[in-house]
Amino acid sequence: MRMGLLIIEQPLARGNGLYDSRHGVIYLHDGLSPNQRLCALQHEIIHAEHHRRGMQVGTLREERLTRKETALRLISQADYATVEQMYEADVWHMAGELGVTVQVLEDYRQQLSILI
């Protein structure tokens, strides 16, 4: 899906990313690691998708949904199972192996606990 979003990397006062729904711009902090950048970009793209579907972006409910969807898009169940065994559930090493942040990994783990 082509969204026509502009992505700008620059210093941000807080956070890793920001979606400006009024202008169709995603701002990413310019000092992010590759894993942080991937996760922040995916997170902000999902905010943009929610906005296009008519959801109010920035509410607590929408933020929770965005975090959940980000984790589910970036981590597959098979990959998670593999790295969990490899690293005996050490979240730092698991996140690194999966190419995500610890926060995204924790959000994924929370979804697993809901399913169990």
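Colour the protein chain by secondary structure and follow it from the N terminus: the elements run β-β-β-α-α-α-α-α. That comes to three strands and five helices. The model on screen is predicted.

Zoom out to the whole C-alpha trace. Along its principal axes the trace spans about 45 × 30 × 25 Å. The radius of gyration of the protein chain is 15 Å, close to the 13 Å that the globule rule gives for 116 residues, so the chain is as compact as a globular protein of that length.

Switch on the surface next. The protein chain exposes about 7,400 Å², and carbon and sulfur atoms supply 50% of that area. Of the 116 residues, 36% count as buried. Now colour by charge: the chain carries 12 positive and 15 negative charges, and the mean positions of the two sets lie 10 Å apart.

Hide the surface and turn to contacts. Among contacts in the protein chain with a separation of 6 or more, 41% join residues 24 or more positions apart.

Select Ile75, Tyr80, Leu98, Val100, Val104, Leu105 and Tyr108. These belong to the largest nonpolar core, which has 15 residues, and they are the ones that touch the most other members. Then show helix 3 (77-86), helix 4 (91-98) and helix 5 (102-115), the elements that give two or more residues to this core. Helix 5 supplies the largest share, five residues.

Stay in this core and centre on Tyr108. Which residues does Tyr108 touch, not counting those up to four places away in sequence? Show Ala71, Leu72, Ile75, Ser76, Gln77 and Tyr80 as sticks; these are its partners under that condition. Two of the names, Ile75 and Tyr80, were already selected as core members.

Next select Met3, Ile26, Leu28 and Leu32. They are included in a second, separate core of eight residues.

Move to helix 2, residues 60-74, and pick Leu74, which is part of this helix. Leaving aside residues up to four places away in sequence, Leu74 touches Leu38, Cys39, Gln42, Val100 and Val104. Val100 and Val104 are also among the residues picked out earlier in the largest nonpolar core.

For a last stop, draw a distance between the C-alpha atoms of Leu74 and Gln111. The two residues are 37 residues apart along the chain, and these atoms are separated by 13 Å.

Key
Residues are numbered from 1 along each chain as its sequence is written. This is a predicted model: local features need pLDDT of at least 70, side-chain atom pairs count only at pLDDT 80 or more; totals for chains, interfaces and linings use all residues. Side-chain values use heavy atoms; hydrogens and water are left out. Helices (H or I, at least four residues) and strands (E, at least two) are DSSP runs, numbered from the N terminus. The radius of gyration is taken over C-alpha atoms; the globule rule is 2.2 Å times the number of residues to the power 0.38. Buried means under 20% relative accessible area, exposed over 50%, partly exposed in between (1.4 Å probe, protein chains only). Contact means heavy atoms within 4.5 Å. Accessible areas come from the Shrake-Rupley method with a 1.4 Å probe; for residues, only the protein chains shown count as cover. Lys and Arg count as positive and Asp and Glu as negative; His and the chain ends are not counted. The place of a charge is taken as NZ of Lys, CZ of Arg, CG of Asp or CD of Glu. A nonpolar core is a set of buried Ala, Val, Leu, Ile, Met, Phe, Trp, Tyr and Cys residues joined through side-chain atoms within 4.5 Å.
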